[in-house]
Amino acid sequence: MFRKIWKSITSVYLLYELNTCIYMLDPWEKRFVNAFIFAILGLLIFSSYTFLPGYTRKLVNAFLPAHSALADLDLDHQRSMELNIH
């Protein structure tokens, strides 16, 4: 079971390396490029949640069940915005 999961993860990572052409870089260059890509991805997720909360809430609710912990966070965020508490 664990080997199947590990094989699946390694094959997805190999496809990621092949599609982004980072398979030919040195190990330190791979770490740098991966850190840059994940930093950009993290900033994109953070800014979309911060500046587009209504649209992001709809997107999260589309992929997660309605009774999730994120729904409570969204309600708290919405209440603080209504009361102008930042």
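In the predicted model, Lys 30 forms a salt bridge with Glu 17, and the closest N and O atoms of the pair are 3.3 Å apart. Lys 30 belongs to helix α2, which spans residues 27-51, whereas Glu 17 belongs to helix α1, so the salt bridge ties together parts that are 13 residues apart in sequence. The count of salt bridges comes to one. Both partners, Lys 30 and Glu 17, are buried.

Helix α1 covers residues 2-20 and contains Glu 17. The relative accessibility of Glu 17 is 9%, and the residue is classed as buried because this value falls under 20%. Between the side chains of Glu 17 and Lys 30 there is also a polar contact, at 3.3 Å. When neighbours within four places in sequence are left aside, the contacts of Glu 17 are with Ile 22, Tyr 23 and Lys 30.

A second buried polar residue was examined in helix α2, where Asn 34 is located. Asn 34 has a relative accessibility of 12% and therefore counts as buried, the limit being under 20%. Apart from residues up to four places away in sequence, Asn 34 touches Tyr 13, Tyr 16 and Ile 22. Ile 22 is thus listed among the contacts of Glu 17 and among those of Asn 34.

Two of the residues touched by Asn 34, namely Tyr 13 and Tyr 16, also form an aromatic pair with each other. One aromatic pair is found when the whole structure is searched. In this pair, Tyr 13 and Tyr 16 have ring centres 5.8 Å apart and planes at 40° to each other, a tilted arrangement. The arrangement is called tilted because an angle of 40° is neither under 30 degrees, as for stacked rings, nor over 60, as for edge-to-face rings. Tyr 13 and Tyr 16 are three residues apart in helix α1, which means that about one helical turn separates them. Tyr 13 is partly exposed, at 38% relative accessibility. Tyr 16 is likewise partly exposed, with a relative accessible area of 22%.

The loop between α1 and α2 includes Cys 21. Cys 21 is not a glycine, yet its phi is positive, at about 60°. Most residues other than glycine have a negative phi. With a relative accessibility of 40%, Cys 21 counts as partly exposed, because the value lies between 20% and 50%.

On the surface, a nonpolar patch of about 800 Å² is formed by Phe 36, Ile 37, Phe 38, Ile 40, Leu 41, Leu 43, Leu 44 and Ile 45. One of these residues, Leu 44, is located in helix α2. Leu 44 has a relative accessible area of 54% and is therefore exposed, the limit being over 50%. Helix α2 thus holds the buried residues Lys 30 and Asn 34 as well as the exposed residue Leu 44.

Over the whole protein, four helices and zero strands are present. From the N terminus, the order of elements is α-α-α-α. Of the 86 residues, 10% are buried; Glu 17 and Asn 34 are among the buried residues. The accessible surface of the protein amounts to about 7700 Å², and carbon and sulfur atoms account for 72% of this area.

Note on methods: Residues are numbered from 1 along each chain as its sequence is written. This is a predicted model: local features need pLDDT of at least 70, side-chain atom pairs count only at pLDDT 80 or more; totals for chains, interfaces and linings use all residues. Side-chain values use heavy atoms; hydrogens and water are left out. Helices (H or I, at least four residues) and strands (E, at least two) are DSSP runs, numbered from the N terminus. Buried means under 20% relative accessible area, exposed over 50%, partly exposed in between (1.4 Å probe, protein chains only). A polar contact is a pair of N or O atoms within 3.5 Å; within protein, one must be able to donate a hydrogen and the other to accept it, and residues adjacent in sequence count only if both atoms are side-chain atoms. Contact means heavy atoms within 4.5 Å. A salt bridge is a side-chain nitrogen of Lys or Arg within 4 Å of a carboxyl oxygen of Asp or Glu. Rings of Phe, Tyr and Trp (its six-membered ring) pair if their centres lie within 6.5 Å; planes under 30 degrees apart count as stacked, over 60 as edge-to-face and the rest as tilted. Patches are made of residues with over 30% relative accessible area and no salt bridge: like charges are joined within 9 Å, nonpolar side chains (Val, Leu, Ile, Met, Phe, Trp, Tyr) within 5 Å. Accessible areas come from the Shrake-Rupley method with a 1.4 Å probe; for residues, only the protein chains shown count as cover.
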